[in-house]
Amino acid sequence: FLVEWSSSEDFSPLIGEIIMDNLQSLRCTITGLRTGQRYYVHVSAYNMRGWGPPRKSTPAYASPSNWKDCSGREPRHRGHTEALERLLQQVRAAHQHYNCRESSKLQNAGRKQSVSRSLKHLFHSSNKFVKTLKRGLYLSVIFFHKDNLLVTNEDQIPIVEIDDSHSSSVMQDFLWFTKLSCMWDDIRWLRQNMSISVSSSTTLQARQKMLSAAAQLQNLLGTHNLGRVFYEPIKDRHGNMLIVTIREVESLYSFFNGKWMQVSKLQSQRKSLSTPEEPTALDILLITIQDILSYHKRSQQRLPPGLYLGYLKLCSSVDQIKVVVLQKLPNVLCHVKIRDNSNVSKDEWEWIQTLSGSESVESMDHTSDCPTQLFLYELQMAVKALLKQTNLPLHQAKHFRLYTQEVLELGHNVSFLLLLPASDDVCTAPGQNNPYTPHSGFLNLPLQMFEFGIVACFT
């Protein structure tokens, strides 16, 4: 087949053509089109007698469009970008002022300060790493290259103490600490600014201790970058809590106070100080370290460009809301691909809007006379595949709804339509049966950690 297209009804001049000689798929993609421009398409067939007359398309023309072109739609994030930019400029100005002040101090101190700092590393090497946990809050780093881990000179994973006592609920402080993984280079600046504003607030004091622990690890290892924070602290029954950061390095280069060891050797060498029934947080870390490394690698994978259907399912606990994700790809919702083209056209979006909030996915009528028959078919197939992936019976589709407020555009030509359960079933409350566990191939990520993963991966 010969596919030709033009912006003129008489096809003069032609804009482009595609010859399809592989007829296993009777579909081709035309690229490089302009939004709002009319395009006419006709197709000619070839056989042993040559090319036949061209057949025009139905409808006669089409104009590339986007779901945002729908009339009367106000951008949801109007003014947000500008406001964030103003805030960022204020932070930069304060940061530059601090850096200039610190630079002048360093110049006045001269060589004497650098000598004393070197001596400090010489005499205070590994004795600041924690060897055993004693009912406190700790910070640990996992630096890995292939199947090798960075360990201290005592063959231990680098750990420092944050606080020798902590409250049972540190989730908000943990989520705050997670944001530091975007700005490890600014730890010193943050400590300086927080020390000025420190008050009797227990929250500020706890976060000051977190900054101090991070700075201590940076000094001991000789690097600012401590990696990304694991999505949840590791807890044990002894009252210990371990915050873990993970970083993959490109080679086995040397760090201060560290050496490299194979994961299997470290696990076999570990002499547990706890019982198998009640392991310490450090033992749990070593036992599950392969799972932690797998999570880190998978959480950095990007989806290929395309339009996807995602399943939004939440689970609540006492102090947070969690999002159900696939264990094999935890940085996005459970999903199936609808098609390779990530764009949702104006016609397609207007059709989606006809599905009111009271109507269900089951009401999508395949026989309806609409110009989006192919899109309707692809969406129906995606719904069936997604229900199968999440182990839900197909008859439940009558209770499901499509999110009709917007298309989620994650970047890198990846877009999502959202499939929502019945309103009463969007969020599973504490005590209710939750089939989405690691044993079934799913993870329950804290909402903020899920959002952080999307931002880190798709921006």
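## A cavity between two domains

Domain 2 (128-300) and domain 3 (306-356 + 371-458) both contribute residues to the lining of the largest cavity, which therefore lies between them. This description concerns a predicted model. The volume of the largest cavity is about 90 Å³.

The residues that line the largest cavity are R228, V229, Y231, Y295, S299, P330, N331, L445, M449, F450, F452 and G453. Two or more of these lining residues come from each of β10 (228-229), β17 (329-339) and α11 (447-458). The greatest contribution to the largest cavity is that of α11, with four residues. Sorted by class, the lining of the largest cavity consists of eight nonpolar, three polar and one charged residues.

## The second largest cavity

In total, the structure contains two cavities of 30 Å³ or more. The second largest cavity has a volume of about 30 Å³. Its lining is formed by R228, V229, F230, I246, Y295, H296 and S299. The elements β10 and α8 (289-298) each supply two or more residues to the lining of the second largest cavity. By class, four nonpolar, two polar and one charged residues line the second largest cavity.

The two linings have residues in common. R228, V229, Y295 and S299 line the largest cavity, and R228, V229, Y295 and S299 also line the second largest cavity. The strand β10 likewise gives two or more residues to the largest cavity and two or more to the second largest cavity.

## The largest pocket

The largest pocket has a volume of about 2,000 Å³. Its lining comprises 40 residues, of which C28, A62, N341, E348 and L374 are the closest to the pocket centre. Elements that provide two or more lining residues are β1 (2-6), β3 (39-44), β6 (55-62), α9 (346-353) and α10 (373-389). Among the contributors to the largest pocket, β6 has the largest share, with seven residues.

In terms of class, the lining of the largest pocket has 15 nonpolar, 16 polar and nine charged residues.

## Placement of the pocket

Where does the largest pocket lie with respect to the domains? Residues from both domain 1 (2-64) and domain 3 (306-356 + 371-458) line the largest pocket, so the pocket lies between these two domains. Domain 3 thus takes part in two of the spaces described here: with domain 1 in the lining of the largest pocket, and with domain 2 in the lining of the largest cavity.

How values were computed. Residues are numbered from 1 along each chain as its sequence is written. This is a predicted model: local features need pLDDT of at least 70, side-chain atom pairs count only at pLDDT 80 or more; totals for chains, interfaces and linings use all residues. Side-chain values use heavy atoms; hydrogens and water are left out. On a 1 Å grid over the protein atoms alone, a cavity is a set of points where a 1.4 Å probe fits but cannot get out, and a pocket is an open set with protein on both sides within 12 Å along at least five of seven lines; lining residues have an atom within 4 Å of a point. Grid points are joined across faces, edges and corners, and a volume is the space filled by probe spheres set on the points. Ala, Val, Leu, Ile, Met, Phe, Trp, Tyr, Cys and Pro count as nonpolar, Asp, Glu, Lys and Arg as charged, and the others, Gly among them, as polar. Domain bounds come from an automatic or database domain assignment.
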